[in-house]
Amino acid sequence: MLPILTEVLGYEPDLIIVATGHNEFLEDRAYPPLIHSSLTAKRVWIWLNGLRTYSLGRHLIKDLRAPGGEDAPPG
């Protein structure tokens, strides 16, 4: 939901209403490479995501690539 919230906040809304429920729409938006992968690739992805070292590395890389991260140019 965070990518969607980030996009919505870009429009500077006065009010945001969050209605929770089924989230099948998010799968096509957030996981397209995974959805169209082979069963073996999905199993490897699930296994990797269970490893704390992999999760930590993925989050560190994501933070460094994010706008405003440490390697972002000042400005």
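Accessible areas come from the Shrake-Rupley method with a 1.4 Å probe, and for residues only the protein chains shown count as cover. This is a predicted model, in which local features need pLDDT of at least 70, side-chain atom pairs count only at pLDDT 80 or more, and totals for chains, interfaces and linings use all residues. Residues are numbered from 1 along each chain as its sequence is written, and side-chain values use heavy atoms, with hydrogens and water left out.

**Exercise 1.** State how much area the protein chain exposes and what share carbon and sulfur atoms supply.

Solution. The exposed area is about 7,100 Å². Carbon and sulfur atoms supply 62% of that area.

**Exercise 2.** Determine which elements of the protein chain have the lowest and the highest mean pLDDT.

Solution. Step 1: the protein chain has five helices and zero strands (DSSP runs of H or I, at least four residues, and of E, at least two, numbered from the N terminus). Step 2: pLDDT is the predictor's confidence in each residue, from 0 to 100. Helix 2 has the lowest mean, 68, and helix 1 the highest, 89. Step 3: where pLDDT is low, the predicted coordinates should not be read in detail.

**Exercise 3.** Classify serine 55 as buried or exposed, and locate its side-chain contact with asparagine 49.

Solution. Step 1: serine 55 belongs to helix 5, residues 52-65. Step 2: buried means under 20% relative accessible area, exposed over 50%, and partly exposed in between (1.4 Å probe, protein chains only). Serine 55 has 14%, so this residue is buried. Step 3: a polar atom of the serine 55 side chain lies 3.4 Å from the backbone oxygen of asparagine 49.

Terms used: A polar contact is a pair of N or O atoms within 3.5 Å; within protein, one must be able to donate a hydrogen and the other to accept it, and residues adjacent in sequence count only if both atoms are side-chain atoms.
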